[in-house]
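Visitor: I am new to this structure and would like a close look at a single part of it. Please show me the place where the ligand sits, and then walk me outwards from there.

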Amino acid sequence: MYIGLLHLHSTLRYVVVILLIAVIIKAFLGWSGNKTFTETDRKLGLFTMISVHLQLVIGLILYFISPVVQSALADMGAAMKNTELRFWAVEHIATNIIGIILITIGYSTAKRAATDKAKFMRTALFYLIGFVLIMSAIPWPWSRVARGWF
Ligand code: HEM
């Protein structure tokens, strides 16, 4: 189950990244072009939020079964001094959860905004900050905690 979930979580990152890029570009274009915030815009934001929530659920399960995290949690003092263990025990989960919270706030605050311009603006800004945080917490092959592409 661990390996299967790890692959699912790893592959889903691309769905998250593509959806986030699409929402952010559409929101900035809508904001600057004074466009109408349509049902498609709302749904795109919703599906993107669902995709990051799905990552959160899979990530939480992984957190409790991952041998890497378990070995870090067994001795947090030592783990904090080790780049890789600190990343998996603290940085990956904390940064992603903050990003996911911002995206969730972005969706709900955009829904309640009075004008279409405000809806696009809130979506653009909250999703963009969430995107930057999530991108920074992915163990890309070139990062200090490099993992594979899938
Ligand atoms: C949108 C948010 C997230 C993205 C894009 C993401 C992405 C990734 C990626 C690419 C990996 C590496 C998979 C591999 O080695 O094949 C990974 C591993 C992992 N993630 Fe996430 N993640 C996210 C959120 C979370 C959250 C919120 C948690 C915890 C609650 C979490 C916990 C973990 C754990 C425990 C591992 C596996 C460590 C291991 O055993 O090697 N992730 N994640």
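**The ligand and its surroundings**

Guide: Of the 24 residues around the ligand (those with a heavy atom within 4 Å of it), the nearest are Tyr 2, His 9, Ser 66, His 92 and Arg 147. Please keep in mind that this is a predicted model, in which local features need pLDDT of at least 70 and side-chain atom pairs pLDDT 80 or more, while totals for chains, interfaces and linings use all residues. Numbering starts from 1 along each chain as its sequence is written, and side-chain values use heavy atoms, without hydrogens or water.

Let us start with the metal. His 9 and His 92 each coordinate the iron atom of the ligand through NE2, at 2.0 Å; donors here are N, O and S atoms within 2.8 Å of the metal, or 3.2 Å for Na, K and Ca. The iron atom has 6 donor atoms around it, and the arrangement is octahedral because the angles they subtend run from 83 to 179 degrees. Six donors earn that name if opposite ones are over 155 degrees apart and all others between 65 and 115. Ideal values for six octahedral donors are 90 or 180 degrees.

The two histidines join distant parts of the chain: His 9 belongs to helix α1 (residues 2-32) and His 92 to helix α5, 83 residues apart. Helices are DSSP runs of H or I with at least four residues, strands are E runs of at least two, and both are numbered from the N terminus. Both His 9 and His 92 are buried, meaning under 20% relative accessible area (over 50% is exposed, in between is partly exposed; 1.4 Å probe, protein chains only).

Polar contacts, pairs of N or O atoms within 3.5 Å, also surround the ligand. A polar side-chain atom of Ser 66 is 2.5 Å from a ligand oxygen. Arg 147 brings a side-chain N or O atom to 2.7 Å from an oxygen atom of the ligand. For His 92, an N or O atom of the side chain is 2.8 Å from a nitrogen atom of the ligand.

Now step outwards. The protein has 6 helices and 0 strands, and 38% of its 150 residues count as buried. Its largest nonpolar core, a set of buried Ala, Val, Leu, Ile, Met, Phe, Trp, Tyr and Cys residues joined through side-chain atoms within 4.5 Å, has 15 residues, and Leu 20, Val 52, Ile 103, Tyr 127 and Ile 134 have the most contacts inside it. Helices α1, α2 (39-65), α5 and α6 (116-136) each supply at least two of its residues, with α1 giving the most, 5 residues. Apart from this core lies another, of 9 residues, among them Ala 72, Ala 79, Phe 87 and Val 145.

Contacts (heavy atoms within 4.5 Å) can be followed from single residues too. Leaving aside residues up to four places away in sequence, Tyr 127 touches several residues, including Leu 20, Ile 103, Thr 48 and Arg 122. Thr 48 lies in helix α2 and is buried, with a relative accessible area of 0%. Beyond its neighbours within four places, Thr 48 is in contact with Leu 19, Leu 20, Val 23 and Tyr 127. Back in helix α5 (residues 83-112) you will find Thr 109, buried at a relative accessible area of 12%. Again setting aside neighbours within four places, Thr 109 is in contact with Arg 122 and Phe 126.

Methods. Four donors count as tetrahedral if all angles lie between 85 and 135 degrees; four count as square planar and six as octahedral if opposite donors are over 155 degrees apart and all others between 65 and 115; anything else is irregular. A polar contact is a pair of N or O atoms within 3.5 Å; within protein, one must be able to donate a hydrogen and the other to accept it, and residues adjacent in sequence count only if both atoms are side-chain atoms.
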